[in-house]
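Here are my notes on the model. Please read them with the structure open.

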Amino acid sequence: MRELKNNLTSGKNTKNTRHRKGKMFGYQVLGFGAGGGAQPYQVDLLVVAGGGGGGSSNHAGGGGAGGYRYPTGLELTAGATYTVTVGNGGSNDSTGNDSSLAGTGITTVTSSGGGYGGGHGSGSPRQHPNQTHGGNGGSGGGGGTTQPGGSGNAGSYSPAEGTDGGTGTFAAPAEGSGGGGGASQPGSNGSGSEGGPGGDGSANSITGSSVTYAGGGGGSTNGMSGGSGGAGGGGAGASGASQPGQANTGGGGGGTERTMSTTGSPGGSGVVILRMPTANFTSTTTGSP
């Protein structure tokens, strides 16, 4: 009998030594198989689009929040390349931009930009037909005086990425426009005393602490109180200059009032956040993450 020594190694700086005894005329059969390629791993993903801009001109509605989506258990492949797009908020009277994650082996996850706030030109809304409804989007923008808000969930997702904007109202002593929709709550209708508040967004703890995203912008009114912005970065409406949506929340911009020269406030930019096991993370990125 003779001792045969087989040195088997696996991994970096790892040495596994085994001692086997066998006859000189015998065989030692060692099988090695491939690992089957890179293995998938699961991530949680938050995708919030840019908020819609608040309406400008008289009696303008608040911008709708950017679409809010939170898929969990999404499978990514180690070593693959994924492209993240973060949508900017819309300027006054403009829809926000989409946010997304795209790459190998997955269906692209997209959230829709928030709808713009509606408005109407100078003069009495009963005499001028140029009133505008709120824009459609991830969440809908608030309507100008007597006009409906825009529709939310533009991507027709389930669960829905957002809600509808509120309707503008003409009721003495004031004309109140609608608030923009938020991720979890529709924008409120305007009234004879104030613009409609923006709808609240949704709280999420993907970063380790609870943060609220995607609140709608408040609507404006003539001479009374502007609507408050929804929780989650929505800007307040005003009888004059309004407030923008908060950056990296997808909040809608507030609507403005009084003159054609006063522009609606822009929506807040969106955000994309991935949470993954530490063992699967590398810091290899390009662009401006």
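How do the residues lining the second largest pocket divide into nonpolar, polar and charged? Point 3 has the count. Note that this is a predicted model.

1. Confidence comes before the details. The protein chain has a mean pLDDT of 83, and 80% of its residues reach 70 or more. Residues 1–25 have pLDDT below 50, yet this stretch has 31 contacts in the model beyond near neighbours in sequence. Over residues 122–130 the pLDDT also stays under 50. Here the model has 14 contacts beyond four places in sequence. Where pLDDT is low, predicted coordinates should not be read in detail.

2. Next, the largest pocket. Its volume is about 870 Å³. The lining consists of 24 residues, and those closest to the centre are Tyr82, Val84, Thr282, Thr284 and Thr285. Three elements give two or more residues to this lining: strand S5 (74–77), strand S6 (82–85) and strand S13 (271–275). S6 gives the most, with 3 residues. By class, the lining of the largest pocket has 13 nonpolar and 11 polar residues. It has no charged residues.

3. Now the second largest pocket. It holds about 160 Å³ of space. Tyr68, Arg69, Tyr70 and Pro71 are among the residues that line it. So are Tyr157, Ser158, Pro159 and Ala160, along with Ala183 and Ser202. To answer the opening question, this lining has 7 nonpolar residues, 2 polar and 1 charged. The charged one is Arg69.

4. The structure holds 1 salt bridge. Arg275 pairs with Asp44, and the closest N and O atoms are 2.8 Å apart. This pair links distant parts of the chain. Arg275 is in strand S13 and Asp44 is in strand S3 (residues 40–48), 231 residues apart. Are the two partners buried or exposed? Asp44 has 17% relative accessibility, so Asp44 counts as buried. Arg275 is at 37% and therefore counts as partly exposed. Strand S13 also appears in point 2, as one of the elements in the lining of the largest pocket.

5. Look at Pro197 in the loop between strand S10 (174–176) and strand S11 (202–204). Pro197 counts as partly exposed because its relative accessibility is 22%, and the cut-off for buried is under 20%. Which residues does Pro197 contact, leaving aside its neighbours within four places in sequence? They are Gly179, Gly187, Ser188, Gly218, Gly227 and Ser228. Pro197 and Gly187 are 10 residues apart in sequence. In space they are 6.3 Å apart, C-alpha to C-alpha.

6. Last, Gly165. This residue is found in the loop between strand S8 (109–111) and strand S9 (169–171). At 12% relative accessibility, Gly165 counts as buried. Leaving aside neighbours within four places in sequence, Gly165 is in contact with Gly140, Gly141, Gly142, Gly149 and Gly150, as well as Gly179, Gly180, Gly181 and Gly187. Gly152 is 13 residues from Gly165 in sequence, and the C-alpha to C-alpha separation is 7.4 Å. Gly179 and Gly187 are also contacts of Pro197.

Key: Residues numbered from 1 in each chain as written. Predicted model: local features only at pLDDT ≥ 70, side-chain atom pairs only at ≥ 80, totals over all residues. Heavy atoms only, no water. 1 Å grid on protein atoms, 1.4 Å probe; cavity = no way out; pocket = protein on both sides within 12 Å on 5 of 7 lines; lining within 4 Å. Points joined across faces, edges and corners; volume = space filled by probe spheres on them. Helix = DSSP H or I, 4+ residues; strand = E, 2+ residues; numbered from the N terminus. Salt bridge = Lys/Arg side-chain N within 4 Å of Asp/Glu carboxyl O. Buried < 20%, exposed > 50% of the residue type's maximum accessible area, 1.4 Å probe, protein only. Contact = heavy atoms within 4.5 Å. pLDDT = per-residue confidence, 0-100.
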